[in-house]
Amino acid sequence: RGGDRMYVDDIYYTTEDLAKLFKVHPRTIIRLIENGQLEASKVGGQWRISASSLGKMLEETKNNKKEE
């Protein structure tokens, strides 16, 4: 495994799944994707976000807060 690729054996979430998890509107998750802050793929017209992409975004957010 390596790089920024998404893998079949990863767990995938919808924008609605993550919105419920983080208690935000699904549009907020879509904005993160559109701004390039959260890596995702469109499948059947819906965004899918891998657990590894989510973890990467959260780690980057954590690291950015440490730098402030």
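Buried means under 20% relative accessible area, exposed means over 50%, and partly exposed lies in between (1.4 Å probe, protein chains only). With those words in hand, here is a place to try them: E59 is partly exposed, with a relative accessible area of 38%.

This is a predicted model, in which local features need pLDDT of at least 70 and side-chain atom pairs count only at pLDDT 80 or more, while totals for chains, interfaces and linings use all residues. Residues are numbered from 1 along each chain as its sequence is written, and side-chain values use heavy atoms, with hydrogens and water left out.

**Figure 1. The whole protein holds 3 helices and 3 strands.** Helices (H or I, at least four residues) and strands (E, at least two) are DSSP runs, numbered from the N terminus. Following the sequence, you will meet them in the pattern β-α-α-β-β-α. The protein has 68 residues, and 24% of them count as buried. Its accessible surface (Shrake-Rupley method, 1.4 Å probe; for residues, only the protein chains shown count as cover) comes to about 5100 Å², with 51% belonging to carbon and sulfur atoms. A contact means heavy atoms within 4.5 Å. Among contacts with a separation of 6 or more, 49% are between residues 24 or more positions apart.

**Figure 2. Helix α1 turns one face inward and ends at a loop.** T15, L18 and A19 are the buried residues of α1. Looking down the axis of α1, these residues fall within an arc of 105 degrees, so they line one face of the helix. The arc is that of the directions from the helix axis to the C-beta atoms. On the other side of α1, K20 and L21 are exposed. Just after the helix comes K23, with a positive phi of about 55 degrees. Most residues other than glycine have a negative phi. K23 is not a glycine, yet its phi is positive. K23 sits in the loop between α1 and α2, and this residue is exposed, with a relative accessible area of 75%.

**Figure 3. Helix α2 has its own buried face.** In α2, which spans residues 26-34, I29, I30 and I33 are buried. Seen down the axis of α2, the buried residues fall within an arc of 100 degrees, so they line one face of this helix. What lies over them? The cover includes α1 (15-22) and β3 (46-50). After α2 comes G36, whose phi is positive, near 80 degrees.

**Figure 4. The largest nonpolar core has 9 residues.** A nonpolar core is a set of buried Ala, Val, Leu, Ile, Met, Phe, Trp, Tyr and Cys residues joined through side-chain atoms within 4.5 Å. Here the members are L18, A19, I29, I33, L38, A40, I49, L54 and M57. The elements giving two or more residues to this core are α1, α2 and α3. In soluble globular proteins, nonpolar side chains tend to be buried together. L38 is a good residue to zoom in on: leaving aside residues up to four places away in sequence, L38 touches L18, I29, L32, I33, I49, S53, L54 and M57.

**Figure 5. S53 and G55 both belong to helix α3.** The helix covers residues 51-67. Is S53 buried or exposed? S53 is buried, with a relative accessible area of 8%. The side chains of S53 and S50 are joined by a polar contact of 2.9 Å. A polar contact is a pair of N or O atoms within 3.5 Å; within protein, one must be able to donate a hydrogen and the other to accept it, and residues adjacent in sequence count only if both atoms are side-chain atoms. G55, in contrast, is partly exposed, with a relative accessible area of 36%. From C-alpha to C-alpha, G55 and L38 are 9.6 Å apart in space, and they are 17 residues apart in sequence.

**Figure 6. The whole structure contains 2 salt bridges.** A salt bridge is a side-chain nitrogen of Lys or Arg within 4 Å of a carboxyl oxygen of Asp or Glu. One joins the side chains of R27 and E34 (3.1 Å, N to O). R27 is partly exposed, with a relative accessible area of 35%. Another joins the side chains of E59 and K62 (4.0 Å, N to O). E59 and K62 both lie in helix α3, 3 residues apart, about one turn of the helix. K62 is partly exposed, with a relative accessible area of 43%.
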